Amino acid sequence: MSPSPTTGSGPSGSSTPGSSAAVASQRVADHLRAAILSGELRPGARIMQEQVAAQLGASRLPVREALRILAAEGLTVVKSNSGAWVSRMDMAECEGVYKIRERLEPLALAESIPQLTAGQIAELETIARQIELTTDVDRFLALDGRLHLLTYSGCRVTQITAMVDRFWNTTQHYRRAFARLAGDSGWELIHAEHRLIIDAIKRADIVDAERFLTGHIRRTRLELAQHPELFTEEDHDSDHTADAAGPAD
């Protein structure tokens with residue numbers, strides 16, 4: 001959740017024009033983003049703007065602006081005079097994004113490794129151990145995201161990190177599906193791949209780190225390709241969507 005709205009002041013002490021509206025829009029965007037990434041709002045779910053506004057105590061204007069913010073992030077689709085929906089991918093689109101990730105994220109990692117501190121590497125090992133101790137999918141997703149994004153945190157090329165963030169968000173639903181599909185052997189393989197990536201980072205071996213990460217991402221893509229049913233779900237309706245869009249704590 002973004003911070004509570006604050007009042008900016010101009011030279012005369014009056015509120016800065018547009019500041020309250022911008023904060024309100026960001027607050028709504030943060031709420032909806034969290035609902036989408038947590039799975040409360042699933043791909044294809046319709047977002048009822050009037051209900052979101054009522055539930056969050058906002059007017060429709062910041063809700064519309066929030067939806068535009070999320071559309072720019074690839075999380076929503078907004079159609080004039082029609083409505084807004086959570087973005088969804090078909091199998092070909094998801095495969096294409098994963099192929100981009102297989103090339104983009106190793107580049108982010110290669111740029112990052114020389115900048116990572118000993119403290120950050122120690123944190124990676126701690127997170128990896130926490131991942132190995134959980135079988136809860138939502139906790140796994142949260143920890144897995146922390147681990148991988150921390151490995152990229154030394155990358156100073158903002159264009160790369162912006163694309164990484166976007167693709168992580170737009171594939172969150174499918175990573176959740178992948179985690180649920182993984183049996184015991186699948187979880188063990190995930191843990192082993194994490195350990196290999198972290199070991200390469202500790203050795204500052206960029207070639208190995210890129211290679212292990214590429215295989216890690218590719219394996220998810222190939223596993224998802226075996227489950228076309230994940231891309232044809234049609235279980236969303238307006239009533240369900242309205243409930244899911246309620247305030248989250």
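What is the order of the strands in the open sheet, and is their pairing parallel or antiparallel?

## The sheet

In this predicted model, the open sheet has 3 strands in the order 1-3-2, and the pairing is antiparallel. Strand 1 (46–47) and strand 2 (76–79) stand at the edges; each has a single partner strand, so one side of each lacks a neighbour in the sheet. Strands of a sheet pair through backbone hydrogen bonds, in either a parallel or an antiparallel arrangement.

The pairing of strand 1 with strand 3 (residues 83–86) is antiparallel and extends over 2 bridges. Arg 46 stands opposite Trp 85, a residue of strand 3. Helix 3 (residues 60–72) lies across strand 1, strand 2 and strand 3, and runs at about 125 degrees to strand 2.

## Helix 6 and helix 7

Helix 6 (residues 137–151) packs with helix 7 (residues 158–170) at an angle of about 165 degrees, and their axes are 12 Å apart. Because angles over 145 degrees count as roughly antiparallel, helix 6 is roughly antiparallel to helix 7. Their crossing is right-handed.

On the helix 6 side, the contact is made by Asp 144, Gly 145, His 148 and Leu 149. Helix 7 contributes Val 164, Asp 165 and Trp 168.

## His 194

His 194 is located in helix 9 (residues 184–202). Its relative accessibility is 2%, so His 194 counts as buried, the cut-off being under 20%.

Two polar contacts link the side chain of His 194 to residues that also take part in the contact between helix 6 and helix 7. One, of 3.0 Å, is with the side chain of Asp 144; the other, of 3.3 Å, is with the side chain of His 148. Apart from neighbours within four places in sequence, His 194 is in contact with Ile 131, Asp 144, Leu 147, His 148 and His 216.

## Pro 114

Is Pro 114 buried or exposed? With a relative accessibility of 55%, Pro 114 counts as exposed, because the cut-off for that class is over 50%. Pro 114 is in the loop that lies between helix 4 (91–112) and helix 5 (118–132).

Along the chain, Pro 114 and Ile 206 are 92 residues apart, while their C-alpha atoms are separated by 8.9 Å.

Key: Residues are numbered from 1 along each chain as its sequence is written. This is a predicted model: local features need pLDDT of at least 70, side-chain atom pairs count only at pLDDT 80 or more; totals for chains, interfaces and linings use all residues. Side-chain values use heavy atoms; hydrogens and water are left out. Helices (H or I, at least four residues) and strands (E, at least two) are DSSP runs, numbered from the N terminus. Buried means under 20% relative accessible area, exposed over 50%, partly exposed in between (1.4 Å probe, protein chains only). A polar contact is a pair of N or O atoms within 3.5 Å; within protein, one must be able to donate a hydrogen and the other to accept it, and residues adjacent in sequence count only if both atoms are side-chain atoms. Contact means heavy atoms within 4.5 Å. Two strands pair if DSSP finds at least two bridges between them. Axes are lines fitted to C-alpha atoms, for helices over the stretch in contact, and angles run from 0 to 180 degrees between N-to-C directions. Angles under 35 degrees count as roughly parallel, over 145 as roughly antiparallel, 65 to 115 as roughly perpendicular and the rest as oblique. A crossing is left-handed if the near helix is turned anticlockwise from the far one by less than a right angle, and right-handed if clockwise.
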